[in-house]
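Colleague: Could you take one part of this model and go through it slowly, saying what surrounds it and how it fits into the rest? I would like each term explained where it comes up.

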Amino acid sequence: MKNLLTFLGLLIAFTVTAQDSYFTIYNFTVANEDVSNVYNLMDDYFSQNKMEGVTVTLYENHFNDRESNFSHSVVFSGTSDALGAMYGGGQNAEWSLFLTRVNMHTEDFSSAMGSTFYSYGDTSAPHPIQKVFLLDVEDGEAFTGASEKYNSEHNPEGRTTSMGNVLSGHSGDGANFWVVNRFKDFKSAMEGPNSLRTEAEIEASSKAWEELWNAAGEVRLVRSSLRIQLGQW
């Protein structure tokens, strides 16, 4: 994480519901024996150094393919004003010491920046098991409109869902949009959203799902993974 956290300018998350919502994400690898050290360092620092309007979230990258086999992500999210204030705050002795300690236990993997278009579901309750989908979307406006209509009407209780785009940090695989579906437990994540719906809701959702894809234009799944939220400050 030497280049990862040494740069204050690229920190991100997928957890904000505001219209003006931006994110940056740093993915990195931690050896098994150092995981608790990294968590404790982040918990100690961010618990005592709150950044106004900014949410910091630490994830474990639990299920993934070999092209995205980093172990953890740290995510900072908020409005452009809040993130801009954080980036413009500069470094201090305490921050520098924190970076030095974290860098001893981490290895860089990748980073990205983007925005969140919408979120649906009860975000006041913990939903730590999260399925992440990276998409190659041809018509962003059509996909955003169709998916927001679907989720505003058919997101089941027990799941939260968010969608947005990637502004910087694109890879060669073409991913330019993302979707994150969050569940309260592994069982719900494995069985999927229909396990949280009644028979009538499944029928209505299936019909609306077909309408979504007829209206969304060309969309290709680039990558999927499952992450676990370890901490949030």
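**A strand and its surroundings**

Modeller: Strands β6 and β7 pair in the antiparallel sense over seven bridges, where pairing requires that DSSP finds at least two bridges between two strands, and where strands (E, at least two residues) and helices (H or I, at least four residues) are DSSP runs numbered from the N terminus. The model is predicted, so local features need pLDDT of at least 70 and side-chain atom pairs count only at pLDDT 80 or more, whereas totals for chains, interfaces and linings use all residues. Residues are numbered from 1 along each chain as its sequence is written, and side-chain values use heavy atoms, with hydrogens and water left out.

Within the pairing of β6 with β7, Met163 stands opposite Val179 in β7. Strand β7 also has β5 as a partner, for seven bridges join β5 to β7 and these two strands run antiparallel; here Leu135 stands opposite Phe177 in β7.

How enclosed is β7 by the rest of the structure? Seven of the seven residues of β7 are buried, which means that the strand is largely enclosed; buried stands for under 20% relative accessible area, exposed for over 50%, and partly exposed for what lies in between, with a 1.4 Å probe and protein chains only. In a regular strand the side chains alternate between the two faces of the sheet. In β7, one side carries Phe177, Val179, Asn181 and Phe183, the other carries Trp178, Val180 and Arg182, and all of them are buried, so that both faces are covered.

The wider setting is a closed barrel of eight strands with antiparallel pairing, running β1-β3-β2-β8-β5-β7-β6-β4. Neighbouring strands of this sheet are turned by 35° against each other on average, with direction ignored. Beyond β6 in that order comes β4, and strand β4 (residues 106-120) is joined to strand β6 (residues 159-168) by seven bridges, again antiparallel; Met113 has Ser168 as its bridge partner in β6.

Helices lie against the barrel as well. Helix α5 (residues 140-154) lies across β4, β5, β6, β7 and β8, running at about 65° to β4, where axes are lines fitted to C-alpha atoms, for helices over the stretch in contact, and angles run from 0 to 180 degrees between N-to-C directions. Helix α2 packs on the sheet too, touching β1, β2, β3, β4 and β8, and its direction makes about 145° with that of β1; contact means heavy atoms within 4.5 Å. In β1 (residues 22-30) we find Phe28, which counts as buried because its relative accessibility is 0%.

Helix α2 (residues 35-48) also has a helical neighbour, since its axis comes within 10 Å of that of α4 (residues 93-103) and the two cross at roughly 170°. That makes α2 roughly antiparallel to α4, a word used for angles over 145 degrees, whereas those under 35 are roughly parallel, 65 to 115 roughly perpendicular and the rest oblique. On the α2 side of this contact are Leu41, Met42, Tyr45 and Phe46, which meet Glu94, Trp95, Phe98, Arg101 and Val102 in α4.
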